[in-house]
Amino acid sequence: MTFNELGLHPALLSAVAKEGYSTPTPIQQRAIPAVLTGTDLLAAAQTGTGKTAAFVLPILHRLATVPSHPKRQPRVLVLTPTRELAAQVAESVATYGAHLHLRHAVIFGGVGHQPQVDAFKRGLDIVIATPGRLLEHANDRTADLSHIETFILDEADRMLDMGFIHDIKKVLKMLPPKRQNLLFSATFSDEIRTLAKQFLHNPQEIDIAPRNTTVESVAQKITMVEQRHKRELLVHLIKQGDWQQVLVFARMKHGANRICDHLNANGIGAAALHGNKSQTARTKALADFKANRIRVLVATDIAARGIDIDNLPHVINFELPNVPEDYVHRIGRTGRAGLKGEALSFVASDERQELKDIQRVIKREIPVLQVEGFVPRNDAIAINSEPRPARPPQGGRGRSGGGAAKAAAPRGGQPGRGPRPSGGGAPGRSGAPPPRRDGGHRSGNR
Ligand code: AMP
């Protein structure tokens with residue numbers, strides 16, 4: 001199928017061609033015709049599948065072909081969980097709608113009210129907003145949502161995770177009863193189905209990604225490493241692999257700052273992206289990262305939601321997320337639109353439970369990468385099974401004599417044949433020397 005066959009406005013076709021898209025992605029093939037008919041839609045599609053264009057293209061088409069309200073009150077509302085995602089959707093609207101004379105604005109907190117008030121006053125066709133600031137404008141009567149023709153709830157699962165349900169309900173009350181509703185979510189959880197029942201009417205249902213499966217084009221690996229050696233390991237991997245663009249996920253904001261400081265101190269340009277940063281700092285960090293002015297962006301889950309970077313090759317989970325579904329979202333930052341990407345998770349011995357939960361959710365075991373010089377004692381083989389007490393070494397320590405990293409043993413491994421740090425340079429438990437930095441690394445073949 002081609003974009004031409006979808007019957008889109010010629011201005012959209014040329015914008016899409018300019019972006020270099022040759023064929024619509026599966027979600028686009030199914031969602032675009034559905035949205036064009038005016039039906040409600042319940043769509044499960046992960047980020048990275050082209051879901052944004054799947055709703056932006058048909059809504060732009062409808063706006064371009066049906067004349068606007070004389071007062072230019074907003075006709076389309078896109079609600080997103082984060083500022084970054086709102087900005088991302090707005091960027092898509094600007095890109096795909098470059099040849100149409102439509103007006104849009106992105107409305108979120110953390111920035112001044114006045115420019116947003118002015119935008120509403122001038123008149124808008126499309127509003128892309130996070131709930132809090134939009135409600136402020138609606139309560140101040142700056143935003144009139146009574147002419148909305150199409151309402152889109154993007155990343156609805158995350159909206160619910162972030163506790164936006166009450167805000168969503170408040171927004172829904174401000175919309176006219178007769179309208180088209182589109183709900184996009186990475187998964188169809190029971191909560192999503194309940195929400196869908198509350199405002200979708202006979203929706204067409206599209207489920208592109210099977211529930212909680214991770215993007216196939218992402219090579220996923222885990223590496224076992226002691227918590228206190230993680231920062232060293234990160235520097236080692238970036239330098240050794242000459243990685244130029246790395247997105248690192250940290251659980252906590254202050255942890256993200258510490259990782260950044262460590263990278264910068266080691267000559268690797270890095271910036272943090274999290275909720276304690278001002279919107280200006282967040283926008284600058286993302287722009288610097290996209291333009292390759294810094295090599296590493298260290299983000300917390302919420303701040304990173306919606307980040308879309310072309311060809312992002314490396315994602316590092318510095319810590320595993322507490323919520324297994326967040327793992328799917330995190331690694332979805334790479335391997336986008338069919339390109340290859342790599343996601344490596346650093347797993348400390350106290351993160352086994354999180355690892356188990358993730359593997360259960362994604363229904364697969366993640367292969368192990370052992371990085372020479374960073375393999376903790378006793379942990380390497382047991383990584384995908386229960387931790388075992390250390391056995392006396394057979395054949396003496398350092399038997400492998402400092403070669404490159406060893407492949408991890410298969411599941412259920414060979415008891416008693418390891419785990420063992422190789423070459424005597426691996427960090428031990430307390431008081432161990434710092435990790436060696438002379439080793440190579442390769443993937444375990446599982
Ligand atoms: P999304 O899932 O909306 O976050 O999109 C992921 C990435 O896919 C974005 O970088 C888009 O620019 C890109 N993309 C969207 N549609 C297509 C397409 N039909 N062909 C190639 N890339 C696409």
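Two strands pair if DSSP finds at least two bridges between them. Keep that in mind for the views below, which all come from a predicted model.

**Figure 1. The whole chain at a glance.** Before zooming in, here's the overall inventory: the chain contains 15 helices and 15 strands. It has 446 residues, and 48% of them count as buried. If you look at contacts with a separation of 6 or more, 77% come from residues 24 or more positions apart.

**Figure 2. Strands β2 and β4 side by side.** This close-up shows β2 (residues 76-79) and β4 (residues 126-129), which run parallel and are joined by 4 bridges. Want one spot to look for? Find L79, which sits opposite A129 in β4.

**Figure 3. The open sheet of 7 strands.** Zoom out a little and β2 and β4 turn up again in a longer row, ordered β3-β4-β2-β5-β6-β1-β7. The pairing here is parallel, and the sheet is open. Which strands stand at the edges? They are β3 (104-107) and β7 (204-207), and each has a single partner strand, so one side of each has no neighbour in the sheet. Leaving direction aside, neighbouring strands of this sheet are turned against each other by 10° on average. As for what holds such an arrangement together, strands of a sheet pair through backbone hydrogen bonds, either parallel or antiparallel.

**Figure 4. Helix α1 and its two sides.** Here we look at α1, which spans residues 10-18. Three of its residues, L12, A15 and V16, are buried. They share one side of α1, because the arc they cover around the axis is only 100°. Some background helps here: an α-helix has 3.6 residues a turn, so residues three or four places apart point the same way. Turn to the other side of α1 and you'll find P10, S14, A17 and K18, which are exposed. And what do the buried residues of α1 pack against? Their partners are α3 (51-65) and α4 (83-96). Just after α1 comes G20, with a positive phi of about 85°.

**Figure 5. R133, a buried arginine in a helix.** R133 belongs to helix α6. Is R133 buried or exposed? It counts as buried, since 20 other C-beta atoms lie within 10 Å, and 20 or more is what the cut-off asks for. Setting aside neighbours within four places in sequence, R133 makes contact with I107, F108 and G109. Take F108: along the chain it is 25 residues apart from R133, yet the two C-alpha atoms are separated by 5.3 Å.

**Figure 6. Strand β11, covered on both faces.** Strand β11 runs over residues 296-299, and both of its faces are covered. V296 and V298 are buried on one side, while L297 and A299 are buried on the other. β11 also has strands paired with it. One is β9 (residues 246-249), in the parallel sense over 4 bridges. Another is β10 (residues 270-273), again parallel and over 4 bridges. Look for V296 in this view: it is the bridge partner of V246, and it is also the bridge partner of A270.

**Figure 7. Two loop residues with positive phi.** Neither residue here is a glycine, but each has a positive phi: near 65° for R141 and near 60° for N292. R141 sits in the loop between α6 (131-139) and β5 (150-153). It counts as exposed because it has 8 C-beta neighbours inside 10 Å, and 12 or fewer is the limit for that label. N292 is found in the loop between α12 (279-290) and β11. With 10 other C-beta atoms within 10 Å, N292 is exposed too.

**Figure 8. Helices α14 and α15 crossing.** The last close-up shows α14 (residues 324-331) and α15 (residues 352-362), whose axes come within 8 Å. They cross at roughly 70°, so α14 and α15 are roughly perpendicular to each other. Which residues make the contact? From α14 they are P324, E325, Y327 and V328, and from α15 they are D357, I358, V361 and I362. Sorted by class, the contact has 6 nonpolar residues, 2 charged ones and no polar ones.

Note on methods: Residues numbered from 1 in each chain as written. Predicted model: local features only at pLDDT ≥ 70, side-chain atom pairs only at ≥ 80, totals over all residues. Axes fitted to C-alpha atoms, helices over the stretch in contact; angles between N-to-C directions. Parallel < 35°, antiparallel > 145°, perpendicular 65-115°, else oblique. Contact = placed C-beta atoms within 7 Å. Nonpolar A, V, L, I, M, F, W, Y, C, P; charged D, E, K, R; others polar. Arc of directions from axis to C-beta.
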